[in-house]
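Reader: I would like a close look at one end of a helix in this protein. Please start there and then work outwards to the rest of the chain.

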Amino acid sequence: MIVRDFAFHADMPDDMRYLRRPDGVQRFIEKDMIFLLPERLKDFRKDLYHVCRINSSDSALYGPLFQVRCVIADGAAVEGFEGPCDVFPFYEKVARNKRHYRDYYVLFLFRHQADYRKYRRLCREPERCRDI
């Protein structure tokens, strides 16, 4: 996977969770989900993005759509949401564009290697974090 304008990206660690609206209350992906960041990753709230494939379905090029809504996982419930649910594997087909579903992923995106390395160190799972 190649993410336009970002030199480095990484999957979410296994201990991340997310909350989602109950079935039948679906809106847009950014309003239907809230991700729970472990305390150690609180500095990376602004690096978590929804991304989707751009150009064509045959392309390996993805682009960031918008930042993910997230809160620090402190055990507090968020009204109107169910969960927490495990994040892996995390992949959504949530909207149609003409006749095709749009593929959405959630990734940590980094422009600088220093931030990426700090994330990898805190993530403690370097095999899950990939350079491009």
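Which residue follows α2, and is its phi positive or negative?

Author: The residue after α2 is R124, and its phi is positive, near 60°. Before going on, note that this is a predicted model, in which local features need pLDDT of at least 70 and side-chain atom pairs count only at pLDDT 80 or more, while totals for chains, interfaces and linings use all residues. Residues are numbered from 1 along each chain as its sequence is written, and side-chain values use heavy atoms, with hydrogens and water left out.

A positive phi deserves a remark, since most residues other than glycine have a negative phi, and most peptide bonds are trans. D5 is another case: it is not a glycine, yet its phi is positive, about 75°. D5 is in the loop between β1 (2-3) and β2, and with a relative accessible area of 60% it is exposed. Here exposed means over 50% relative accessible area, buried means under 20%, and partly exposed is what lies in between (1.4 Å probe, protein chains only). The helix and strand names come from DSSP runs, counted from the N terminus: H or I of at least four residues for a helix, E of at least two for a strand. The peptide bond has its own exception, a cis bond joining G83 and P84, with omega about 10°. P84 is placed in strand β8 (residues 82-86).

Now back to α2 itself. Its residues Y116, Y119 and C123 are buried. They lie on the same side of α2, because they cover an arc of only 60° around the axis; the arc is that of the directions from the helix axis to the C-beta atoms. An α-helix has 3.6 residues a turn, so residues three or four places apart point the same way. On the face of α2 turned away from the buried side are the exposed residues A114, R117 and R121.

What does α2 belong to? The largest nonpolar core has 21 residues, and F35, L48 and F108 have the most contacts inside it. Two or more residues of this core come from each of β2 (8-10), β4 (33-37), β7 (70-72), β10 (100-110) and α2 (113-123). Another core lies apart from it, with seven residues, among them V51, Y62, L107 and L109. A nonpolar core is a set of buried Ala, Val, Leu, Ile, Met, Phe, Trp, Tyr and Cys residues joined through side-chain atoms within 4.5 Å.

Strand β5 (residues 48-53) is mostly covered, with five of its six residues buried. It runs antiparallel to strand β6 (residues 61-67), and five bridges join the two; strands pair if DSSP finds at least two bridges between them. H50 has F66 in β6 as its bridge partner.

Strand β3 (17-20) has partners as well. It is antiparallel to β4, with four bridges between them, and Y18 stands opposite F35 in β4. It is also antiparallel to β8, with three bridges, and there R17 stands opposite D86.

V87 is in the loop between β8 and β9 (92-97). It is buried, with a relative accessible area of 1%. Leaving aside neighbours within four places in sequence, V87 is in contact (heavy atoms within 4.5 Å) with M12, P13, M16, R17, Y18 and F35. V87 and P13 are 74 residues apart in sequence, but their C-alpha atoms are 8.5 Å apart in space.

D15 lies in the loop between β2 and β3 and is partly exposed, at 36% relative accessibility. Outside its neighbours within four places in sequence, D15 touches P38 and R40 by the same contact rule.

Two cysteines can be added: C52 is buried at a relative accessible area of 1%, and C70 is buried at 17%. A disulfide is a pair of cysteine sulfur atoms within 2.5 Å, and by this rule the count is zero.

Finally, the whole chain. The protein has two helices and 11 strands, in the order β-β-β-α-β-β-β-β-β-β-β-α-β from the N terminus. Of its 132 residues, 39% count as buried. Among contacts with a separation of 6 or more, 67% are between residues 24 or more positions apart.
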